[in-house]
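Trainee: Could we take a close look at just one part of this model? I'd like to go through it slowly.

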Amino acid sequence: MELLSHLFNTLLQTLFDLIPIIAIIFGFQIIVLRQKIINLKKILFGLFYVLVGLGFFLVGLEKALFPLGKLMATQLTDPAFIYAGLESIPLSLHWADYAWVYLFAAAIGFSTTIAEPSLIAVAIKANGVSGGAIGVWGLRIAVAIGVAAGISLGTFRIVTGTPLHYYIIVGYIIVIIQTMRAPKMIIPLAYDSGGVTTSTVTVPLVAALGLGLASTVPGRSVIIDGFGLIAFASLFPMITVMGYAQLSEWRYKRNIKKVTEQETES
Amino acid sequence: MNRLLVNIARTLLDSARDLLPIIVVIAFFQLAILKQPIPNLNEILIGTLLVVIGLALFIKGLEMALFPIGETIAYAFARKGSVAWLLIFAFALGFGTTIAEPALIAVAAEAAKVAASADLILDTANARDNYANGLRITVAFAVGLAILIGVVRIIKGWPLQYLIIGGYVCVVIMTVFAPKEIIGIAYDSGGVTTSTVTVPLVTALGVGLASSIRGRNPMIDGFGLIALASLTPMIFVMAYGMVVH
């Protein structure tokens with residue numbers, strides 16, 4: 001019963017999110033463009049699917065994944081777990097003691113990104129536009145690896161307490177260098193993948209991890225060190241997506257070279 | 001009937017596969033590393049089932065509604081040929097989808113609390129509401145402007161990287177001058193604006209425009225709207241902080 005009322009409230013909330021978008025689009029379509037909406041029935045059904053789908057998705061996440069994921073984030077960052085093998089909690093920490101945290105950060109970053117609906121949408125579109133040259137799974141995995149590396153490095157930063165802007169500035173320098181060398185076609189898509197990763201599934205879990213770490217690692221403040229993981233999660237996918245394109249291009253060129261070499265030999 | 005069932009089964013299987021990594025990660029860490037049983041197993045199973053069904057329905061709706069809507073409106077504007085109306089639409093879409101975004105409302109309320117506790121504004125309900133509303137309008141304006149600039153860029157065929165790199169240089173410079181309390185909120189506001197409904201719509205709009213304007217490549221010119229929409233809020237929120245504080 002409680003589940004039903006929760007579901008109903010979430011559906012209502014999602015409906016209110018959708019209304020301004022629908023109003024703007026249909027308003028312009030009818031008043032400015034003076035155009036009949038083609039396939040109105042299909043579009044209305046589709047919007048209904050989007051509404052119910054998002055509602056179910058959000059309620060399910062709040063019921064199942066978020067409570068457990070957040071609980072695990074606090075348990076893994078708890079000094080009682082990290083120093084379980086020792087008799088007392090040491091006064092100064094060593095960054096290597098947090099190995100499980102880095103691994104968890106990478107694993108949760110990777111897996112939540114694979115399930116991110118907006119990334120699935122962008123990957124489907126990119127696959128269609130590129131005529132199949134960019135694989136749906138290739139792009140999703142490249143972005144997920146980026147988020148995994150980013151969040152893992154972000155937790156390392158919180159543990160060591162090094163300033164955020166050093167990492168971000170070095171990251172942007174890498175992005176600029178890659179932008180100059182990567183295939184032109186991939187650049188806008190790579191930049192977009194930075195923005196789509198920080199969405200429904202990833203943000204709540206990653207935020208819990210950051211806050212958990214910042215409140216348990218001695219000498220860290222929640223306000224100064226607690227955020228910033230999201231910034232890592234939007235920066236690294238740009239690097240890995242451009243890297244993925246560079247790798248594909250390199251392999252393609254190498255194959256062509258091999259084929260021409262074989263042809264000249266024979 | 002049979003085909004429909006096969007179709008439904010396939011969509012559900014696809015979303016189950018999308019969620020499998022999270023389930024594996026959580027189960028592994030809970031059982032093998034933390035060595036604890038999984039609490040409320042029933043509730044978690046029901047929740048996971050809801051997520052799988054929800055994701056399957058959303059992907060179906062995406063291809064039936066969100067993509068076609070974004071594309072047809074892009075083609076319609078390209079045919080009408082009125083740049084002014086297209087730009088008004090771009091701004092309205094960005095502003096309208098952001099102003100009502102629940103994640104943004106939550107962040108703005110949180111930011112007002114932080115500002116009140118740091119004595120930057122008066123700690124009354126009225127002052128906090130004003131601050132939060134100002135922040136929301138600022139972010140929504142920034143996203144509207146981002147989509148507008150992005151559409152101009154698609155029409156003109158400007159390379160995206162100059163805009164983005166220039167924007168980030170701007171962010172870095174403003175970080176130095178903006179009040180410390182606003183920086184975290186500013187960086188976060190870039191991420192909260194791109195919601196699950198907006199991303200597919202805006203992507204389809206960009207790609208649709210780039211493919212209907214002669215001389216534009218949908219791959220090079222069509223993408224990039226999302227990147228701009230995550231960049232401008234950072235600049236505008238820091239500016240808001242500098243003006244208000």
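Trainee: How do the residues of the lining of the largest cavity divide into nonpolar, polar and charged?

Mentor: Before we start, this is a predicted model, where local features need pLDDT of at least 70, side-chain atom pairs count only at pLDDT 80 or more, and totals for chains, interfaces and linings use all residues. Residues are numbered from 1 along each chain as its sequence is written, chains are lettered from A and ligands numbered from 1 in the order in which they are written, and side-chain values use heavy atoms, with hydrogens and water left out.

Now, your answer: six nonpolar, five polar and no charged. (Ala, Val, Leu, Ile, Met, Phe, Trp, Tyr, Cys and Pro count as nonpolar, Asp, Glu, Lys and Arg as charged, and the others, including Gly, as polar.) A cavity here is a set of points on a 1 Å grid over the protein atoms alone where a 1.4 Å probe fits but cannot get out, and lining residues have an atom within 4 Å of a point.

Let's see who is there. Among the nonpolar lining residues are Val143(B), Ile147(B), Val199(B), Val202(B), Ile226(B) and Ala229(B). The polar ones include Gly94(B), Thr97(B), Thr193(B), Thr194(B) and Thr198(B). Together they surround a volume of about 70 Å³, meaning the space filled by probe spheres set on the points, which are joined across faces, edges and corners.

Next, where do these residues come from? Helix 3 (83-99), helix 5 (125-156), helix 8 (198-212) and helix 10 (225-244) of chain B each supply at least two of them. Helix 8 of chain B gives the largest share, three residues. (Helices are DSSP runs of H or I with at least four residues, numbered from the N terminus.)

For contrast, look at the other one: the structure holds two cavities of 30 Å³ or more. The second largest has a volume of about 30 Å³, and its lining draws on both chains, with Ile25(A), Phe26(A), Gln29(A), Ile37(A), Ile43(A), Ile69(B) and Thr72(B). Helix 1 (2-32) of chain A and helix 2 of chain B each supply at least two of these residues. The most, three residues, come from helix 1 of chain A. By class, that lining has five nonpolar, two polar and, once again, no charged residues.

Technical notes:
On a 1 Å grid over the protein atoms alone, a cavity is a set of points where a 1.4 Å probe fits but cannot get out, and a pocket is an open set with protein on both sides within 12 Å along at least five of seven lines; lining residues have an atom within 4 Å of a point. Helices (H or I, at least four residues) and strands (E, at least two) are DSSP runs, numbered from the N terminus.
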